[in-house]
Amino acid sequence: MSAPNMSPEDARLSVVDKLNLAFGLVAIVLLAGALGLTTLPPKTLSFITPERAASVAGWLRMGGLVAMGLYVITLALLKEREITWFIKNRNTHSGFNIAVQVAAVIGILSAVNYFGTRHHFRIDLTENKAYSLSEQSIKVVKDLKEPVTVELFVRKGDPQSTNLETLWSQYAYASDNVKIEVIDIDRNPTRAKRNKITAYGSSVISRGTQTTTITGAQEQDLTSAIIKVTRDGQKTVYFTVGHGEASYEKFDKDGVTQLKDAIEKQMYKVDQLALFRTGKVPSDASVVVVLGPTKPFSPKELEALKGYIRNGGRAIVCAALQSEDNLNELTKTFGIEIRKDLVIDPAANLFGDLAVPVVQRFPYHAITQSLQAAYFPASRSLVKTKVLPSGVSSISPLVETSGEAWSETDIKARTLSFDPPKDTK
């Protein structure tokens, strides 16, 4: 229908104008829907699986691009006179405006297409980042050099299976090298039997010929499994023994069983190192841990540790309070002196215990960059030697006390007070 006094040309332009508006609105709705499906946390889209969401997002994006293309075409029809005028009069202001408008639409179209297909992103708006992986897990998957495939055996509609799908989808989102396939056990019993799957929520993780199956549903379980199949050969963390060190085999307050469990979950092997028998550090050592010895190392043992570190080995050395160790003979070789003292901090401590400093100052380092606070009960202070030994270019502190802390030398004193020059800030 057209108005009584409207010419056929005006009627045509009216129809084209309405189509132009419709195509523009449809393009916005479809592209916004595709963007929402690729950016919202998976768990908020409980009505659709991550794989289905990705497929639907692709179709919505394609439809949006088609609608955007039709919008450009109808816009050109509406501005036909101006475009013709512009072609004949390239220096006109109105023609220039039309060209800019068309170019802007095409630019937006190209940008949406590029970023929508190549640079997916998600926004986690939850307060505790419930839909975000830890920095460690993200680093593990971003460092992958080869594809890792995950076959996830689930029961469709089961809440636990849905949560596990959501968690695995975060790994796939973080790295293109993580490929997820969700398999409904009830619909594919043969495949489940072939993989020896007996429980819903089982994950088969593979890299090349290396495969492992897990039933865990926590982030740490998934990351550990990825580490296991991507690590060429298992590395070992050695704990020295024979000098009164804390033992991971004890379950008392001085034991470090939880530390051993945490290391093993990262797919490292944990073993003891009796240097007085071996005389050297094994070649498969990833790190050697000296955990608070109360007795001295022999000269031969110290030389074995020094040689290991000089050749690129890694060591964690922990000194116990009031011990008869000789760890300074080791650490001074690399520019670090362990003082025979007790760190006292009246400004930042745990529940008023001055000998339990609470540290909130972390000089920038990859090891401590995500820490907010930590406490160190009964600690000794560390300082750099006045002259750095040959081969040592720099020493980086990892934690620092508050400006009120001091090094207490009279550990057995009933009243703790800063007493220079014996004590040091």
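**Close-up views of a predicted model**

**Figure 1. The whole protein, its surface and its make-up.** The protein exposes about 25900 Å², and carbon and sulfur atoms supply 57% of that area. This is a predicted model, so please read each close-up below with that in mind. Twelve helices and 15 strands are found in the protein. Of its 425 residues, 36% are buried. Among contacts in the protein with a separation of 6 or more, 67% link residues 24 or more positions apart.

**Figure 2. Helix α5 against helix α8.** Here we look at helix α5 (residues 135-142) beside helix α8 (residues 219-230). Their axes lie 10 Å apart and the packing angle is about 25°. Because angles under 35 degrees count as roughly parallel, α5 is described as roughly parallel to α8. The crossing in which α5 passes α8 is left-handed. On the α5 side, the contact is made by Ser137, Val140 and Val141. On the α8 side, Glu219, Thr223, Ile226 and Ile227 take part. Sorted by class, the residues in this contact of α5 with α8 are four nonpolar, two polar and one charged.

**Figure 3. Helix α6 against helix α8.** This view keeps α8 and brings in helix α6 (residues 159-174), which packs with α8 at an angle of about 45°. The axes of α6 and α8 are 11 Å apart. With that angle, α6 and α8 are therefore oblique to each other. The crossing of α6 past α8 is right-handed, whereas α5 passes α8 in a left-handed crossing. From α6, the contact draws on Leu164, Leu167, Trp168 and Tyr171. From α8, it draws on Glu219, Leu222, Thr223 and Ile226. The contact of α6 with α8 divides into six nonpolar residues, one polar and one charged. If you compare the panels, you will meet some α8 names again: Glu219, Thr223 and Ile226 are listed for the contact with α5 and also for the contact with α6.

**Figure 4. Val229 in helix α8.** Staying with α8, we turn to Val229, which lies in this helix. Val229 counts as buried, because its relative accessibility is 1%. Leaving aside residues up to four places away in sequence, Val229 touches Ile205, Arg207, Gln210, Thr211 and Thr212. Val148 is worth finding in this view as well: 81 residues separate it from Val229 along the chain, and the two C-alpha atoms are separated by 8.3 Å.

**Figure 5. Ser14 in helix α1.** Ser14 lies in helix α1, which covers residues 8-39. With a relative accessibility of 26%, Ser14 counts as partly exposed. Its partner in this view is Leu78, 64 residues apart from Ser14 in sequence. From C-alpha to C-alpha, Ser14 and Leu78 are 8.9 Å apart in space.

**Figure 6. Phe351 and Ala378, two loop residues with positive phi.** Phe351 is in the loop between β11 (349-350) and β12 (353-359). Its phi is near 55°, a positive value in a residue other than glycine. Phe351 counts as exposed, because its relative accessibility is 82%. Ala378 sits in another loop, the one between β13 (374-375) and β14 (382-384). For Ala378, phi is near 50°, again a positive value in a residue other than glycine. Ala378 is partly exposed, with a relative accessible area of 39%.

**Figure 7. Leu416 and Pro421, in the segment after β15.** Leu416 is found in the segment after β15. At a relative accessible area of 29%, Leu416 is partly exposed. Residues touched by Leu416, not counting those up to four places away in sequence, are Ile344, Trp406, Glu408 and Asp410. Of these, Ile344 is 72 residues apart from Leu416 in sequence, and the pair are 8.3 Å apart in space, C-alpha to C-alpha. Pro421 is also placed in the segment after β15 (406-408). The bond to look for here is the cis peptide bond that joins Pro420 and Pro421, with omega about 0°.

Key
Residues numbered from 1 in each chain as written. Predicted model: local features only at pLDDT ≥ 70, side-chain atom pairs only at ≥ 80, totals over all residues. Heavy atoms only, no water. Axes fitted to C-alpha atoms, helices over the stretch in contact; angles between N-to-C directions. Helix = DSSP H or I, 4+ residues; strand = E, 2+ residues; numbered from the N terminus. Parallel < 35°, antiparallel > 145°, perpendicular 65-115°, else oblique. Left-handed = near helix turned anticlockwise from the far one by under 90°. Contact = heavy atoms within 4.5 Å. Nonpolar A, V, L, I, M, F, W, Y, C, P; charged D, E, K, R; others polar. Buried < 20%, exposed > 50% of the residue type's maximum accessible area, 1.4 Å probe, protein only. Areas by Shrake-Rupley, 256 points an atom, 1.4 Å probe, with all protein chains shown as cover.
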